[in-house]
Amino acid sequence: MGNDASTVRRTRVLELVAATGFARVAELSRELGVSEVTVRSDLAALERDGSVDRVHGGAVLRGMSPRTDALEPSFESARQTWAAEKRRIGVAAAALVESGSSVLLDVGTTTAAVADALLERDDLDDVVVITNGLSIALALEDAIPRFTVVVTGGTLRPLQHSLVAPYASALLARLHADLAIIGCTGVDVRAGVTNVNLPESELKSAMVAASDRAVVVADPSKIGHADVGIVGALADFELLVTASGTGAPTGHDDRLAALRAAGLDVLAAP
C-alpha cells in the first residue's frame, strides 16, 4: 500500500513539475501535504527514472535543465538586442533613484542600461549601489565618491559576468536596501517574473526580499514570456519598467494591459 501511495504521489509530483517546467521543494511539500524530506526522496526517484533533473531548491523537467550555451546569450551579445529600448528603460528606472538612498541593482543588460543612466545623473549624491554584476560595478566606478559601490561577492558566472551563491546570497541576508531594480527573462501574468538561469533567479529573489520596494525592468521581448526560474509573483513588484513603440512585438500592448489588469503598475517608456 505504501508503494502504491508513493507511486500516486510521485505521479502528482511529476505533474506539478511538468506544469511549469520547474517546482520548488517547499512548494511541492505544501501542495502534497508531505514533508520536504519525502519530496526530496520522490524527486530522487524521479531523477533515477529519467523524468526530472534535480537542481538547487527543487527540480526541472528532464530536457529543461538550464544549458547556458543554448538558452542564455552572453552579456555582450544580449546588450546589442533591443539596445534603444534598453536605453529608454534605463533612463526611466534611474529616475526612481533618489539621493541618500540605497539600491540593489541586479545583473543584466537592461540593468546595465540603468547603471549607465545613473552615471549620467549628476544631481545624485550619497547613493549606495549594491550589485552582483561585475560589468555594472565597473560602469559605476566613475561615480565614486558620489556613489558607494558594493559588490556582493560569490561565484563568477562567465556569460553574464555575474556573482551568485553561495556567498552572494549570504551577504544579501545581512543587507537592507530602499529599492531593488531587477532584470529578468520573462514577465507573465500567470508565471510572474522569471529567469532562464536558476542560480541567478535565486539571487534575484533574495534581492527582492532584502528591499523595501522592487521594480522589474524588461525589454518588450520579455513581456508575456515565462522561463524556468521563478523570481517572484507580480505582487512582489510595485512597478514594471519596459518600453513601447513601433518595434515592439505583435500583441505587446495587449500583454501590458493584461499585466495592469492583474495589478502590476506598468511604465512603458515611449
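# How do we know? A walk through the model

Guide: Take the contacts (heavy atoms within 4.5 Å) between residues at least 6 apart in sequence: 69% of those in the chain join residues at least 24 apart. This is a predicted model, in which local features need pLDDT of at least 70, side-chain atom pairs count only at pLDDT 80 or more, and totals for chains, interfaces and linings use all residues. Residues are numbered from 1 along each chain as its sequence is written, while side-chain values use heavy atoms and leave out hydrogens and water.

Visitor: How many helices and strands are there in the chain?

Guide: The chain has 11 helices and 15 strands. Both are DSSP runs, numbered from the N terminus: H or I with at least four residues for a helix, E with at least two for a strand.

Visitor: And what makes the chain as compact as a globular protein of that length?

Guide: Its radius of gyration is 19 Å, close to the 18 Å that the globule rule gives for 270 residues, so the description holds. The radius is taken over C-alpha atoms, and the rule is 2.2 Å times the number of residues to the power 0.38. Along the principal axes, the C-alpha atoms fill a box of roughly 70 × 40 × 35 Å.

Visitor: What share of the 270 residues is buried?

Guide: That would be 46%. Buried means under 20% relative accessible area, exposed means over 50%, and partly exposed is in between (1.4 Å probe, protein chains only). The accessible surface of the chain comes to about 12400 Å² (Shrake-Rupley method, 1.4 Å probe; for residues, only the protein chains shown count as cover), and carbon and sulfur atoms account for 53% of that surface.

Visitor: Let's try a helix. How do you know that the span of α6 agrees with what is expected?

Guide: The expected span is 1.5 Å times one less than the number of residues. For the 12 residues of α6 (residues 83–94) that gives 16 Å, and the end C-alpha atoms are 16 Å apart, so the two agree. Its buried residues are Glu85, Lys86, Ile89, Gly90, Ala92, Ala93 and Ala94.

Visitor: How far does α10 reach from its first C-alpha to its last?

Guide: α10 (residues 198–209) also gets a check: it has 12 residues and reaches 17 Å, close to the expected 16 Å. Buried in α10 are Leu198, Glu200, Ser201, Leu203, Lys204, Met207 and Val208.

Visitor: Why is Ser201 called buried?

Guide: Ser201 has 1% relative accessibility, so it counts as buried. Its side chain reaches the backbone oxygen of Asn197 at 2.7 Å. A polar contact is a pair of N or O atoms within 3.5 Å; within protein, one must be able to donate a hydrogen and the other to accept it, and residues adjacent in sequence count only if both atoms are side-chain atoms. Asn197 turns up again at the start of α10, where its side-chain oxygen comes to within 2.9 Å of the backbone nitrogen of Glu200. Leaving aside neighbours within four places in sequence, Ser201 is in contact with Asn195, Gly229, Ile230 and Val231.

Visitor: And why is Ala206 called partly exposed?

Guide: Ala206, found in helix α10, has a relative accessible area of 23%, so it is partly exposed.

Visitor: How do you know that Ile223 and His252 meet?

Guide: With neighbours within four places in sequence left aside, the contacts of Ile223 include His252, Leu256 and Leu259. Seen from the other side, His252 is in contact with Pro220, Ile223, Thr242 and Ala243. Ile223 counts as buried at 4% relative accessibility, and His252 likewise at 2%. Ile223 lies in the loop between β12 (211–217) and β13 (229–232), whereas His252 is in helix α11 (residues 252–261).

Visitor: What makes β4 and β5 a pair?

Guide: Two strands pair if DSSP finds at least two bridges between them. β4 and strand β5 (residues 127–131) have four, in the parallel sense, and Ser102 has Val128 in β5 as its bridge partner. Strand β4 (residues 102–105) is covered on both faces, with Ser102 and Leu104 buried on one side and Val103 and Leu105 on the other.

Visitor: Last one: why is Asp126 called exposed?

Guide: Asp126 has 52% relative accessibility, so it counts as exposed. Asp126 lies in the loop between α7 (109–120) and β5, and has a positive phi of about 55 degrees although it is not a glycine. Trp82 has a positive phi too, near 55 degrees, but at 23% relative accessibility Trp82 counts as partly exposed.
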